[in-house]
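Let's take a walk through this protein together, starting with the overall fold and ending at a single residue. Have the model open and ready to turn as you read.

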Amino acid sequence: MDESKYLKIGSFILGLLFIRLSFIVILHPITDLIFLAGSFSLILIIKGIMGLYSGKFLKDWVGLESNLIVFVGLVDILLGCFCLFHIKLVISVIPYIFASWLSCYSMYRLFKLKEASKKNLLILFINSIGVIVGLFLFVNPEIAMLTVVFSLSLLLLILSMLTVVMMYKKI
């Protein structure tokens with residue numbers, strides 16, 4: 001069997017797994033939020049360990065001593081452990097982080113807009129809606145939680161479609 005056929009079968013299986021995962025995310029939103037909070041905590045811990053390793057590498061191989069890298073690594077590890085043991089707190093903060101990100105990004109795009117044209121009017125309209133929705137999500141954190149879950153599910157569905165399309169692409 002040709003190696004490209006294995007890759008095509010792998011893309012198809014990966015696409016099906018992403019579709020299944022997106023439906024699981026929609027059906028179990030609280031479990032998804034717990035998974036996101038736990039993943040965030042573990043990523044912080046891994047980032048902290050890598051920071052400690054980078055500080056040691058700089059000292060041993062290059063001869064530079066960077067106390068800031070080691071300090072940031074320790075803070076990341078401590079913050080990751082705190083988040084890992086206080087999952088409910090992290091879950092309650094996720095909607096506010098999402099709402100603030102949406103509002104700030106939309107305002108940034110509005111302030112970056114320089115001239116009025118047909119293309120820029122669409123950008124102005126979409127980012128104005130983004131600011132309004134971001135402020136609305138601050139008021140209703142439950143809706144923001146559902147928005148995060150459905151956004152993740154939509155992302156997984158798009159990713160599954162892309163992997164299935166990659167199955168038909170010539171290698």
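The paragraphs below go from the whole chain to its surface and charges, and then to one serine.

Keep in mind as you look that this is a predicted model. Begin with the secondary structure: you will find six helices and zero strands. Read from the N terminus, the order of elements is therefore simply α-α-α-α-α-α. How does the overall spread compare with a compact globule? The radius of gyration is 21 Å, while the globule rule gives 16 Å for 171 residues, so the protein is more spread out than a compact globule. Its C-alpha trace spans about 55 × 55 × 40 Å along the principal axes.

Now consider how the chain packs against itself. Of the contacts between residues at least 6 apart in sequence, 78% link residues that are at least 24 apart. Buried residues account for 27% of the 171 in the protein.

Turning to the outside, the accessible surface is about 12400 Å², and carbon and sulfur atoms contribute 78% of that area. As for charge, the protein carries 14 positive and 8 negative charges, and the mean positions of these two groups lie 9 Å apart.

Finally, zoom in on Ser22, which sits in helix α1, the stretch covering residues 3-27. Is Ser22 buried or exposed? Its relative accessible area is 0%, and the cut-off for buried is under 20%, so Ser22 counts as buried. Which residues does Ser22 touch, leaving aside neighbours within four places in sequence? Ser22 is in contact with Ser153, Leu156 and Leu157.

Definitions and conventions: Residues numbered from 1 in each chain as written. Predicted model: local features only at pLDDT ≥ 70, side-chain atom pairs only at ≥ 80, totals over all residues. Heavy atoms only, no water. Helix = DSSP H or I, 4+ residues; strand = E, 2+ residues; numbered from the N terminus. Buried < 20%, exposed > 50% of the residue type's maximum accessible area, 1.4 Å probe, protein only. Contact = heavy atoms within 4.5 Å. Rg over C-alpha atoms; globule rule 2.2 N^0.38 Å. Areas by Shrake-Rupley, 256 points an atom, 1.4 Å probe, with all protein chains shown as cover. Lys, Arg positive; Asp, Glu negative; His and termini not counted. Charge placed at Lys NZ, Arg CZ, Asp CG, Glu CD.
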